[in-house]
Amino acid sequence: MLLFPEQPENYTWKLSREALINPIFRIWLAEIDGMREVYGLDQPLFTALLRKDEPMLKRVLRTPSTSSDSLISNGIPAIHIAVFWPKGLELLLRLRQDADINMSYDGKTPLDLAICISGQTCEQKHDILCHSCGCAESLKILLEYGCRLTRYTLWWRWNMYQRSLNVVRVLLNHIKSWREQLTEIARRELSEADCHNIGIRESSVLDHAAPKVIRKLEARGVCPSKELQLDLDDYRLSPQSDGSESSSLYHDLHDTSAMEIAFKLGFRDSDVFYQAETPVMRKFLRFRYYEWFLDHGVDITNLVPLRVESAPTVQIPDWTVAHHIMSQAGTYGDRINTYDRLLLKLGNLDLGDSCECACSELEGGCSPLKVFLIPQMRYLGPILDNLWHLIKDFDACGPMPPTAAVAVIRVCTFEVLGIRHTCCATGSCYNEDFSHIRDEDESLLVELEELMADFKDRFHFKEQSLSQFMKGYWKDRMEQNKQEKDARRLSQEEIDVAASLGIILREESPEKEQISEEYKREYTCVWDVVEDCIRKLDEIYM
């Protein structure tokens, strides 16, 4: 057979999960002579399931069998083949009660397969909800026969495969029905005051508060898992919990279509904390996720911990959800969507984070707009050379409010002047020695305030758009400022004084003058030392 390399006699190939999910390959197994034999699936039970032959399947299943081994061939469980034929799956589970509904093959349970393949059989595209096709039939059968349902099923399977939205609706509705049963037990066993205090509400499905409800009932001698005949960690009962706090459904969903279905079904805990994070704070989310949470009532003023990878203990008293969203969007966001939509929603918020850094116009610290801009600038490189790429989308947002426009002008001026940030968010870079850094940069900070006074007057007087002002007067003024600094040279007397202080200054070669701004940032500390020396000499002789 040309399909397979030459192998020893009677060799059987292992069927991979990728091949099993492939509908064309399953047709080959059913119709091509010798294919089932090659994969060790030529037993009557597997032949009937692959061919979807109902009379043959009934005959096979009604034949007495004393061993569950007959339900496995070449390591492949029959139930994993039956998932692709709902009628056959129901017959197998009804007539062979020894079939293991939770058995895993190549990392997949039958439930996983039912979710993964639903997009193949659905009449609609994966992002459109169908109403009458049979794409969720196998899922319904597995749920009816009591398959295990875990967080892993929701969090992983839905994000990796083209499942149908109907499968999402069926599974979430199934979870809702079990949570309602848990709520009924709580209302039966607990007082109305207790139910209210632990988070049971008429207007929403029990979710984030489910572990509290279970602990409260267990303290009264009632075991919900035993009464409902579920495993303790079954997702039907509650989302993930570490004992002291619980996640919500929205911590596990990464799909806005699934999130919308959950919200309509009554799952409303989209803005609750678990391990110091609300669902919107997860990393690497695209803007559509942020937008969905913003449109569904997330509190952007919630105070949250700042997580710095190099210094995980750094905390900012007033770092808000808005700061988090803007910092993530600035780093990972889709630039096309982020500028014209995220800026409109969050760019003009007067929310300071209580840090002390001159990069922000706010007295109370850095604004969400500022934490959005910094990653953009670091990505682009020298601002004066890449100004157009930074501001080209601002006008698409419409007229920018004056406070937001001034914030952009200030942070751009700050960066071009080369002043070091003393924001709380960057504290780990300098060991939080902020006061010393501000003292060293005092002359540059004075220069910043002088330039900003001029820029604000000019910007408000001319009544220009931000991009017009930045490309015009601001750029000309900053280039003039740079040229004036470049023209300044140390005299031999100044060089001698520096040498007497132990500072050896060497003239740079033309090659070294070409060092990129990116390289400068990588070795900020070295450049800061040199610039500090020059500033101190200026103070001595000016």
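The secondary structure of the protein chain, taken here from a predicted model, comes to 29 helices and two strands. The chain has 542 residues, and 47% of them count as buried. Looking at contacts between residues at least 6 apart in sequence, 70% turn out to join residues at least 24 apart. On the outside, the chain exposes about 27,900 Å², with carbon and sulfur atoms supplying 49% of that area.

Helix H26 is a good place to begin a closer look. It covers residues 466-487, and at 1.5 Å a residue its 22 residues should span 32 Å; the end C-alpha atoms sit 30 Å apart, so the two values agree. Along the way, H26 bends by about 40 degrees at Trp 474. Trp 474 is also one of the buried residues of this helix. Leu 466, Ser 467, Phe 469 and Met 470 are buried in H26 too, as are Met 478 and Asn 481.

Another buried spot turns up in helix H17, which runs over residues 256-265 and holds Ala 262. The relative accessibility of Ala 262 is 0%, so this residue counts as buried. What does Ala 262 touch, once its neighbours within four places in sequence are left aside? The list is Leu 172, Leu 249, Tyr 250, Leu 253 and Phe 267. Val 205 is 57 residues away from Ala 262 in sequence, yet their C-alpha atoms are 9.6 Å apart in space.

Over to the surface, where Ile 24, Ile 27, Trp 28 and Ile 32 make a nonpolar patch of about 340 Å². One of these, Ile 32, belongs to the loop between helix H2 (23-31) and helix H3 (35-38). Its relative accessibility is 32%, so Ile 32 counts as partly exposed.

Two loop residues stand out for their backbone angles. Lys 52, in the loop that links helix H4 (44-51) and helix H5 (54-61), has a phi near 55 degrees, a positive value in a residue other than glycine. With a relative accessible area of 48%, Lys 52 is partly exposed, because the cut-off for exposed is over 50%. Asn 74 sits in the loop between strand E1 (72-73) and strand E2 (76-77). Phi of Asn 74 is likewise near 55 degrees, again positive in a residue other than glycine. The relative accessible area of Asn 74 is 33%, which makes this residue partly exposed.

Conventions:
Residues are numbered from 1 along each chain as its sequence is written. This is a predicted model: local features need pLDDT of at least 70, side-chain atom pairs count only at pLDDT 80 or more; totals for chains, interfaces and linings use all residues. Side-chain values use heavy atoms; hydrogens and water are left out. Helices (H or I, at least four residues) and strands (E, at least two) are DSSP runs, numbered from the N terminus. Buried means under 20% relative accessible area, exposed over 50%, partly exposed in between (1.4 Å probe, protein chains only). Contact means heavy atoms within 4.5 Å. Accessible areas come from the Shrake-Rupley method with a 1.4 Å probe; for residues, only the protein chains shown count as cover. The expected span of a helix is 1.5 Å times one less than its number of residues. The bend at a residue is the angle between axes fitted to the seven residues ending there and the seven starting there. Patches are made of residues with over 30% relative accessible area and no salt bridge: like charges are joined within 9 Å, nonpolar side chains (Val, Leu, Ile, Met, Phe, Trp, Tyr) within 5 Å. A salt bridge is a side-chain nitrogen of Lys or Arg within 4 Å of a carboxyl oxygen of Asp or Glu.
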